[in-house]
Amino acid sequence: VEPEDGIDRRPNAYESLAWRQLNAQLDREIDRLPEREAAIIRQHYENGVSFSQIAQLLGLSKGRVSQLHALALARLR
């Protein structure tokens, strides 16, 4: 379906490659995080698991999961 303005907003080959490279780099950086932090990031962003559910899975409080999430994001930045 064409947009009303006729502009093709699909990514071009360069944008697609750049996106794949960025995702690969992010995966590598997540792998470098401490194990718990990496698990929280992957569960939350890749699998859509809530902090409450992650807390139950890891045997932590929801507040601690939130703290570790913030720490992981700071490390990734």
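Which element of the chain has the lowest mean pLDDT, and which the highest? Helix α1 (residues 13–32) has the lowest mean, 94, and α4 the highest, 98. Keep in mind while browsing these views that the model is predicted.

**Figure 1. The whole chain, a predicted model built from four helices and zero strands.** Going from the N terminus, the elements follow the order α-α-α-α. The radius of gyration is 17 Å, well over the 11 Å that the globule rule gives for 77 residues, so the chain is more spread out than a compact globule. Along the principal axes, the C-alpha atoms fill a box of roughly 50 × 25 × 15 Å. Of the 77 residues, 19% count as buried. Among contacts with a separation of 6 or more, 45% join residues 24 or more positions apart. As for confidence, pLDDT averages 93 over the chain, and 97% of the residues score at least 70.

**Figure 2. The largest nonpolar core, with eight residues on show.** Here you can pick out Ile40, Val49, Phe51, Ile54, Ala55, Leu60, Val65 and Leu68. Two or more of these residues come from each of α3 (51–58) and α4 (62–76). Helix α3 gives the largest share, three residues. Another core, of five residues, lies apart from this one, and its members include Leu33, Ala38, Ile41 and Ala72. For a little background, nonpolar side chains tend to be buried together in soluble globular proteins.

**Figure 3. A close look at valine 49, one of the residues of the largest core.** Leaving aside residues up to four places away in sequence, Val49 touches Gln43, His44 and Ile54. Its partner Ile54 belongs to the largest core as well.

**Figure 4. Helix α3 and its two sides, one buried and one exposed.** Phe51, Ile54 and Ala55 are the buried residues of α3. Seen down the helix axis, they fall within an arc of 105 degrees, so they line one face of α3. This spacing fits a simple rule of thumb: an α-helix has 3.6 residues a turn, so residues three or four places apart point the same way. Packing against the buried residues of α3 are α2 and α4. On the face turned away from the buried side, look for the exposed residues Gln56 and Leu57. Just after α3 comes glycine 59, with a positive phi of about 70 degrees.

**Figure 5. Helix α4, a run of 15 residues.** From its first C-alpha to its last, α4 reaches 21 Å, close to the 21 Å expected at 1.5 Å a residue. Val65, Leu68, His69 and Ala72 are buried in this helix. Viewed down the axis of α4, these residues fall within an arc of 105 degrees, so they line one face of the helix. Their cover includes α2 (35–47) and α3. Val65 and Leu68 take part in the largest core, while Ala72 is among the residues of the other core.

**Figure 6. Serine 66, a residue of helix α4.** Is serine 66 buried, exposed or partly exposed? At 34% relative accessibility, serine 66 counts as partly exposed. For a handy distance check, compare its position with that of serine 52: the two serines are 14 residues apart in sequence and 9.5 Å apart in space, C-alpha to C-alpha.

Conventions:
Residues numbered from 1 in each chain as written. Predicted model: local features only at pLDDT ≥ 70, side-chain atom pairs only at ≥ 80, totals over all residues. Heavy atoms only, no water. Core = buried A, V, L, I, M, F, W, Y, C linked by side-chain atoms within 4.5 Å. Buried < 20%, exposed > 50% of the residue type's maximum accessible area, 1.4 Å probe, protein only. Contact = heavy atoms within 4.5 Å. Expected span 1.5 Å × (residues − 1). Arc of directions from axis to C-beta. pLDDT = per-residue confidence, 0-100. Rg over C-alpha atoms; globule rule 2.2 N^0.38 Å.
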